[in-house]
Amino acid sequence: MAFDHKKSVTFRLAQAAKAQRARAGSYLSKIGLHPGQEAVLKSLFDNDDQTMSQLAGALGVQPPTVTKMVTRLSAQNLVRRTASKSDGRLAHVCLTDEGRELVKNIDRTWKRLEKEAVAKLDDKDRKRLRKLLRIVERSLSNAPTVDAADAEMDDADAD
């Protein structure tokens with residue numbers, strides 16, 4: 001019997017993530033942002049004056065992705081990129097006053113999105129869902145690399 005992926009947890013998780021991203025994109029566009037850019041601004045709001053590498057690490061993305069986002073946010077005067085005083089190869093990124101002000105709108109947007117996403121869940125279910133999603137996230141983050149997982153599956157198939 002074929003695997004019914006539509007009944008799998010990971011398929012439902014992916015579908016929920018797509019719906020969340022689409023809804024967030026709709027709200028973020030109203031404040032002049034694209035999905036992902038709000039995470040850069042929030043990260044800098046929490047810990048301003050980060051290097052591009054630090055920002056990439058904090059966001060869990062590759063450095064070229066951060067470079068592209070910072071370039072766009074800089075063009076909107078939401079962040080400022082400056083060369084490091086101690087190492088000219090490093091660039092530091094800071095929020096501008098406009099960027100800091102926009103974070104208030106981001107917070108309102110996230111609150112609205114959160115309210116919509118869990119509107120049909122009671123407090124107990126919300127808490128349980130957060131806990132379960134943290135477990136799934138840790139499981140996927142700590143899983144062996146794809147090559148190692150493929151080797152394990154090949155070994156299991158040989159038995």
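These are short questions and replies about a predicted model of one protein chain.

Me: What makes up the chain, in helices and strands?

Reply: There are seven helices and three strands. Along the sequence they follow the pattern α-α-β-α-α-β-β-α-α-α.

Me: How do you know how the chain's radius of gyration stands against that of a compact globule?

Reply: Set the two values side by side. A compact globule of 159 residues would have a radius of gyration near 15 Å. The chain has 20 Å. The C-alpha atoms fill a box of roughly 60 × 40 × 25 Å along the principal axes.

Me: Why is α2 called roughly perpendicular to α4?

Reply: Start with the angle. The axes of α2 (residues 37-46) and α4 (residues 63-75) cross at roughly 80 degrees. Angles of 65 to 115 degrees count as roughly perpendicular. The crossing angle falls in that range, so α2 is roughly perpendicular to α4. The two axes also come within 10 Å.

Me: What makes this a contact between α2 and α4, and which residues meet?

Reply: Contact means heavy atoms within 4.5 Å. From α2 come Gln37, Val40 and Leu41. From α4 come Met69, Arg72 and Leu73. The residues of this contact divide into four nonpolar, one polar and one charged. Arg counts as charged, so Arg72 of α4 is the charged one.

Me: How do you know which residues line the largest pocket, and which are closest to its centre?

Reply: A lining residue has an atom within 4 Å of a pocket point. For the largest pocket, 30 residues line it. The closest to the centre are Ala16, Ala17, Gln20, Ala117 and Leu133. The pocket's volume is about 1300 Å³.

Me: Which helix gives the most to that lining?

Reply: Helix α1 does, with 10 residues. At least two residues each come from α1 (9-30), α2, α5 (97-117) and α6 (123-141). By type, the lining of the largest pocket has 17 nonpolar, three polar and 10 charged residues.

Me: What makes up the lining of the second largest pocket?

Reply: Leu13, Arg130, Leu133, Arg134, Val136, Glu137, Leu140 and Ser141 line it. Helix α6 supplies the largest share, seven residues. About 200 Å³ of space lies in this pocket.

Me: Why are three residues of that second lining called charged?

Reply: Asp, Glu, Lys and Arg count as charged. The lining includes Arg130, Arg134 and Glu137. These fit the rule, so they are the three charged residues. Four others are nonpolar and one is polar.

Technical notes
Residues numbered from 1 in each chain as written. Predicted model: local features only at pLDDT ≥ 70, side-chain atom pairs only at ≥ 80, totals over all residues. Heavy atoms only, no water. Axes fitted to C-alpha atoms, helices over the stretch in contact; angles between N-to-C directions. Helix = DSSP H or I, 4+ residues; strand = E, 2+ residues; numbered from the N terminus. Parallel < 35°, antiparallel > 145°, perpendicular 65-115°, else oblique. 1 Å grid on protein atoms, 1.4 Å probe; cavity = no way out; pocket = protein on both sides within 12 Å on 5 of 7 lines; lining within 4 Å. Points joined across faces, edges and corners; volume = space filled by probe spheres on them. Rg over C-alpha atoms; globule rule 2.2 N^0.38 Å.
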